[in-house]
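Hello,

Here is the structure I said I would pass on. Please open it first and then read the notes below it.

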Amino acid sequence: MSPQNELQELRKKIDPINLQILDLLNQRATIALEIGKVQQALGTTFYDPVREAAMLTELQKANNGPFSNETINKLFNEIFHATLNLEERDARKKILVERKTPDQHTVIEFDNGLKIGDGSFELIAGPCAVESYEQMEAAAEALSARGVKMIRGMGYKPRTSPYDFQGLGEEGLQIARQVADKYNMVVISEVLDMSLIPMMDQYVDAFWVGARNMQNSFLLRELGKQKKPVLLKRGFAATIKELVYAAEYIMSGGNDKIILMERGIRTFSKETRNTLDISAVPLLKQQTHLPVIVDISHSAGRRDIANPLGRVARVSGADGLMVEVHPNPDVAMSDANQQLNFTQFNSLMDDIESISINAKVATE
Ligand code: PEP
Ligand code: MN
């Protein structure tokens, strides 16, 4: 036989072996997926280093060459790694907040016709805290004149110092409800502790979880039992993954009406209160089917860049923005530096309305 023919003959022997290996690899992967399901039911992790070491020892004992034990280890480590990825991908399919198909979008509807997540760009606005009826009434009038349908009605404020204004409590919620009803707006309010939920439920249309509580799993689970929508703010040192899993706590409890909010993360930069992580918007839109709102107030901590941040939020693919607006920010009892007066708010609205974009742009 000529060397050419011999080469061809030998290659002919390799081809069916490749197919056999392929078939065996996939048989192995199918069984591994079954194992993954059992591990999930048992609540154990997929990665089991003791089991992997035992398999490698068995393989080395059985190895008669010509491959060295080192090479066999490398090849099987690749197989183990690929199997682990497969098991994890399969488990992730079960994450409820994750987007399963490109056109899966959660739209949250309120009694006054407000829809968040339907491709429109909505504003959530109002003072940092409810301070008085007059303050809320003036704010609601100015906001609703520009089409804002959801007002901040904060009765409880998470302040850094216990000696600072902590909010008017239930009285603040009563004021917010009265004013919102007058202007056909809906009220959203921060729930600082799960014990407040039943009382707050009488006044609010949606619950708000602040940055400091993003990983309060007891609060999240309790909100999972509620019927009303929950807005979940990103913690100031939370990764995107941690925010997604915090939302999963709520959704796995049975409440699928969740809105996410990017509010800036803590960095070395001192010019702004936080650093607005605008990349969180497309990432959250890509990974989840939930609406995403950008907080341009607490991210910056200053009002002089509200308009450019508002424009950035508008084109980021977000479903809306959140901004603090107060009749007289200079005398506000909290966050005086970042709240907009009505003139500044109107200028922000003019800016946002001047931008017309295809709402689908940023999710793709
Ligand atoms: C707020 O938006 O009212 C607030 C307190 O912000 P954060 O929780 O993001 O600090
Ligand atoms: Mn504030």
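**What was found around the two ligands**

In this predicted model, a polar side-chain atom of Lys157 sits 3.1 Å from an oxygen atom of ligand 1. The side chain of Lys233 also has an N or O atom by this ligand, 2.7 Å from an oxygen atom of ligand 1. For His298, the distance from a side-chain N or O atom to an oxygen atom of ligand 1 is 3.4 Å. On its own, ligand 1 would expose 290 Å², and the protein buries 98% of that area.

The residues around ligand 1 include the three just named, together with Arg152, Pro158, Glu190, Trp208, Gly210, Ala211, Arg212 and Arg263. Sorted by class, this shell holds 6 charged, 3 nonpolar and 2 polar residues.

His298 turns up again at the metal. Which residues coordinate the manganese ion (ligand 2)? The donors are Cys128 through SG, His298 through NE2, Glu324 through OE and Asp335 through OD, at 2.0 to 2.4 Å. Along the sequence, these donor residues follow the spacing C-x169-H-x25-E-x10-D.

Two of the donors, His298 and Asp335, link distant parts of the chain, 37 residues apart. His298 is in the loop between strand E9 (292–295) and helix H10 (306–315), while Asp335 is in the loop between strand E10 (320–324) and helix H11 (342–353). Are these two residues buried or exposed? Both His298 and Asp335 are buried.

To find the place where the two sites meet, start from His298: this residue is listed around ligand 1 and is also a donor to the manganese ion (ligand 2).

Regards

Terms used:
Residues are numbered from 1 along each chain as its sequence is written. Chains are lettered from A and ligands numbered from 1 in the order in which they are written. This is a predicted model: local features need pLDDT of at least 70, side-chain atom pairs count only at pLDDT 80 or more; totals for chains, interfaces and linings use all residues. Side-chain values use heavy atoms; hydrogens and water are left out. A residue is near a molecule or strand if one of its heavy atoms lies within 4 Å of it. A polar contact is a pair of N or O atoms within 3.5 Å; within protein, one must be able to donate a hydrogen and the other to accept it, and residues adjacent in sequence count only if both atoms are side-chain atoms. Accessible areas come from the Shrake-Rupley method with a 1.4 Å probe; for residues, only the protein chains shown count as cover. Ala, Val, Leu, Ile, Met, Phe, Trp, Tyr, Cys and Pro count as nonpolar, Asp, Glu, Lys and Arg as charged, and the others, Gly among them, as polar. Donors are N, O and S atoms within 2.8 Å of the metal (3.2 Å for Na, K and Ca); water is not among the atoms, so sites may look incomplete. Helices (H or I, at least four residues) and strands (E, at least two) are DSSP runs, numbered from the N terminus. Buried means under 20% relative accessible area, exposed over 50%, partly exposed in between (1.4 Å probe, protein chains only).
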